[in-house]
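Let's take a walk through a protein model together. Keep the sequence and the 3D view open as you read.

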Amino acid sequence: MGEDRSFEALVAEGAAVPTEGWDFSWFEGRATEERPSWGYAVSAGERLARAGAVLDVQTGGGEVLDFALGRAEPDRPLLVAATEGWPPNAAKATALLRPRGVVVVAAPDDAPLPFADGSFDLVLSRHPVVPHWAEIARVLRPGGTYFAQHVGPASVFELVEHFLGPQPAATRSGRHPDRERADAEAAGLRVVEVRAERLRTEFRDIAAVVHFLRKVVWMVPGFAVEAYEPELRALHERIEREGPFVAHATRHLFDVRKPSR
């Protein structure tokens, strides 16, 4: 008997996959996203090998930090900590990172960082919900570095606007690197480099769309299959008729320093 590729079966499959962590391996063969040319996780590993005390902010399930620490061996930092605001991810990150000697602190994403001033010479973050520049500046030692990959403006908005309709200009320009640069400088930090790229993303079936929107919850706030059944069905029929649904992710890389005294 062949695999059931009906709308109902695919939606049920996408709705059943666990969403904890930032492991995207389930999408293999179902969705693809072009990767930024700078290779954030590998570059983070190189920076870890030169650091003494490191904080990874909003670590998710810890997968990216775990990879970067593996790249840094045997020159990994003596002290590594991470924060995470969503309890299932904090538990997953703790299980993954504890064998590497990393302390994972459960802390809300919008709360002050639970560390003393000047605690770290490197702060990392991959896809923070919002970068809290004043807090990043506070916990960095003078001369320290913030190295991070952020989600950019109007990322995957072809998909967002399929569900929500055309978005206002203010929403489309949110997370713009120019604004984030200005906010970083207002916090007393010096921006060494910002790089931005627009990356082709393909969704090959509706199960991938459902899982993506359940996992990346800020794309379509309050997403639920029942609430968006007509939009899901229309997109399923479009994919069946025309092939993969194409969108474009935006990413930018920040390399930022806290000035020495």
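Start with Glu 33, whose bridge partner in strand 7 is Thr 201. That pairing belongs to a set of three bridges that join strand 1 (residues 31–33) to strand 7 (residues 190–203), and these two strands run antiparallel. For two strands to count as paired here, DSSP has to find at least two bridges between them. Strand 7 is also joined to strand 8 (residues 245–257), by 13 bridges, and this pair runs antiparallel too. To spot one of those links, find Arg 190, whose bridge partner in strand 8 is Arg 257. In a regular strand the side chains alternate between the two faces of the sheet.

A quick word on what you're looking at: this is a predicted model, so local features need pLDDT of at least 70 and side-chain atom pairs count only at pLDDT 80 or more, while totals for chains, interfaces and linings use all residues. Residues are numbered from 1 along each chain as its sequence is written, and side-chain values use heavy atoms, with hydrogens and water left out.

Now zoom out. The protein chain has 10 helices and eight strands; helices (H or I, at least four residues) and strands (E, at least two) are DSSP runs, numbered from the N terminus. Its radius of gyration is 19 Å, close to the 18 Å that the globule rule gives for 261 residues, so the chain is as compact as a globular protein of that length. (That radius is taken over C-alpha atoms, and the rule is 2.2 Å times the number of residues to the power 0.38.) The C-alpha atoms fill a box of roughly 65 × 40 × 30 Å, taken along the principal axes.

What share of the 261 residues is buried? The figure is 48%, where buried means under 20% relative accessible area, exposed means over 50% and partly exposed lies in between (1.4 Å probe, protein chains only). Contacts tell you about the fold as well: among those between residues at least 6 apart in sequence, 75% join residues at least 24 apart. A contact means heavy atoms within 4.5 Å.

Let's look at helix 2 (residues 40–48). Its buried residues include Tyr 40, Ala 44 and Leu 48. An α-helix has 3.6 residues a turn, so residues three or four places apart point the same way. The cover over the buried part of helix 2 includes strand 2 (53–57), helix 3 (63–72) and strand 8. Arg 47 sits in helix 2 as well, and at 18% relative accessibility it counts as buried. Leaving out residues up to four places away in sequence, Arg 47 touches Leu 122, Thr 145, Phe 147, Asp 255 and Arg 257. You've met Arg 257 already, as the bridge partner of Arg 190.

Next door in our tour is helix 3, where Leu 65, Ala 68, Leu 69 and Ala 72 are among the buried residues. Helix 2 is part of what covers them, along with others including strand 3 (79–84) and helix 4 (87–97).

Loops can hide residues too. Pro 128 lies in the loop between strand 5 and helix 5 (133–139), and Pro 128 is buried, with a relative accessible area of 3%. Beyond its neighbours within four places in sequence, its contacts include Gln 58, Tyr 146 and Arg 175. Val 216 lies in the loop between helix 9 (206–215) and helix 10 (229–242), and Val 216 is buried at 6%. Its C-alpha atom is 8.8 Å from that of Thr 19, although 197 residues separate the two along the chain.
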